[in-house]
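Me: Please pick one part of this protein and take a close look at it with me. I would like one connected account, with each term explained as it comes up.

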Amino acid sequence: MRSSSKSFRHRTTSCLDGNDLLKLMKRTALEIKRFVSGDRKRLVLALLCSWLVLLVTRHPSIRFSPKAIFKESSYRTNVPFPPDSFQVSVVLMNHNRPYLFKETSLLPVLTSHPSVSQIIILHSNAATAFTSEELNKEEINVSKIKHVDAIAMNAEIGLAIRFHFCATDALTDWVIIMDDDMELRPAAISTMVRSMMDDPHRIVGHYGRRYDSSLADRHGYDTRNAFGKVEVVLTKAMILEKKICEQFVEQMDIVQDLVVDSRPTWNGEDIFVNLVANHYYNVHGRNFQNLAIEDLPVWDADTSKFPEDHSISGNLDRLRISEVGFSDVLKARVQADAHRYYRGKLWFTAKQRLAASE
């Protein structure tokens, strides 16, 4: 039996833990020595320590633990390829990081998998668009790739273009949506497809989210990863029915007043598509069916070697404080808090409006 155990390179993933705090403290101490003199150092250090204690107590994703490493033994590997009759399309967005398509294992894995028949790359920025001629054809089966000029549509609906073109251009009933800064093993594709074979009336992926009404300062949005049956699966890696993309396009106007000023435009599209799916599949209460698979072999690509790395999603769910300079850390914290509150508000309001539309 064919198996998706083919070996591809793996990388260290970025995560926020207590080690990041130590790096920040060391970096800050050096800056204090440079710019603060005499007795004022004690005052500055005291204020810094107080702020760090507050940060630790408020930030749910800080843990003093080793950096997360992609370990072969921790993830599914020997998953048989699905039958050839089960084919999927993949939708990817290229906005300002074309090097991720050319230098990571994302496209080699996707194009080599027998269940993937089509890969739609949405070029939403003229300055970074590329063609198949610029890809390594020894590693990438470019015959599966369709390049789409999405610049005009991106100006209109931003991140929602992934679901727009899923609805209009995908050739299969099931579609995988992924961020450009993700990598995966063939077993991840096989697992997602087989999960849909078991039950197609849900969204399946790796990174789940839950709404917690007790988190008033972030309007209920819990940034911690959740696994098992969840209300929301993030677009970092998900599979869904094409008809849910069509439903997304049909329903998106009901939250237009909320997303119109988001940055980037239509941030929170992952939350909305899950709520649309739950509404379409008639999921009520907390009887969630969307599935976040903990041992799905997908992970964040190592973007540290790229000097000008910019996320297209504006995702500040996980504030990497070790990567933020001392002078900007408070500003980054405020932005992260605002981002979480916006996503929580969108979640709460969209769910109410969808229920009212029945």
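Reply: Happy to! Let's start with pairing: two strands pair if DSSP finds at least two bridges between them. The strands themselves (E, at least two residues) and the helices (H or I, at least four) are DSSP runs, numbered from the N terminus. What you have is a predicted model, where local features need pLDDT of at least 70 and side-chain atom pairs count only at pLDDT 80 or more, while totals for chains, interfaces and linings use all residues. Residues are numbered from 1 along each chain as its sequence is written, and side-chain values use heavy atoms, with hydrogens and water left out.

The part I'd choose is the sheet, along with what packs on it. The sheet is open and has eight strands, in the order β3-β2-β1-β4-β10-β6-β11-β8, with mixed pairing. Its edges are β3 (145-149) and β8 (228-230), each of which pairs on one side only. At the β8 edge, the partner is β11 (residues 290-292), joined in the antiparallel sense over three bridges. If you want to find that pairing on screen, look for K229, which stands opposite L291 in β11.

Now for the helices on the sheet. Helix α6 (residues 161-169) packs there, touching β1 (88-94), β2 (116-123), β3, β4 (174-178) and β10 (237-241). Contact here means heavy atoms within 4.5 Å. The direction of α6 makes about 135° with that of β2; axes are lines fitted to C-alpha atoms, for helices over the stretch in contact, and angles run from 0 to 180 degrees between N-to-C directions. Helix α7 (residues 186-198) lies across β1, β2, β4, β6 (204-205) and β10, running at about 30° to β10.

Helix α6 also takes part in salt bridges. Side chains of opposite charge can pair when their charged atoms come close. The rule used is a side-chain nitrogen of Lys or Arg within 4 Å of a carboxyl oxygen of Asp or Glu, and by it the count comes to 16 salt bridges. One of them joins D169 to K146, with the closest N and O atoms 3.0 Å apart. This pair links α6, which holds D169, to the edge strand β3, which holds K146, across 23 residues of chain. For accessibility, buried means under 20% relative accessible area, exposed over 50%, and partly exposed in between (1.4 Å probe, protein chains only). D169 is buried, with a relative accessible area of 16%, whereas K146 is partly exposed at 34%.

A second salt bridge brings together the side chains of D179 and R162, at 2.7 Å from N to O. D179 sits in the loop between β4 and β5 (182-184) and R162 in helix α6, so the pair ties together parts that are 17 residues apart in sequence. Both ends of this bridge are buried: D179 has 9% relative accessibility, and R162 has 1%.

To recap the tour, the sheet runs from edge strand β3 to edge strand β8, and helix α6 packs on it. From α6, D169 reaches K146 in β3, while R162 pairs with D179 in the loop between β4 and β5.
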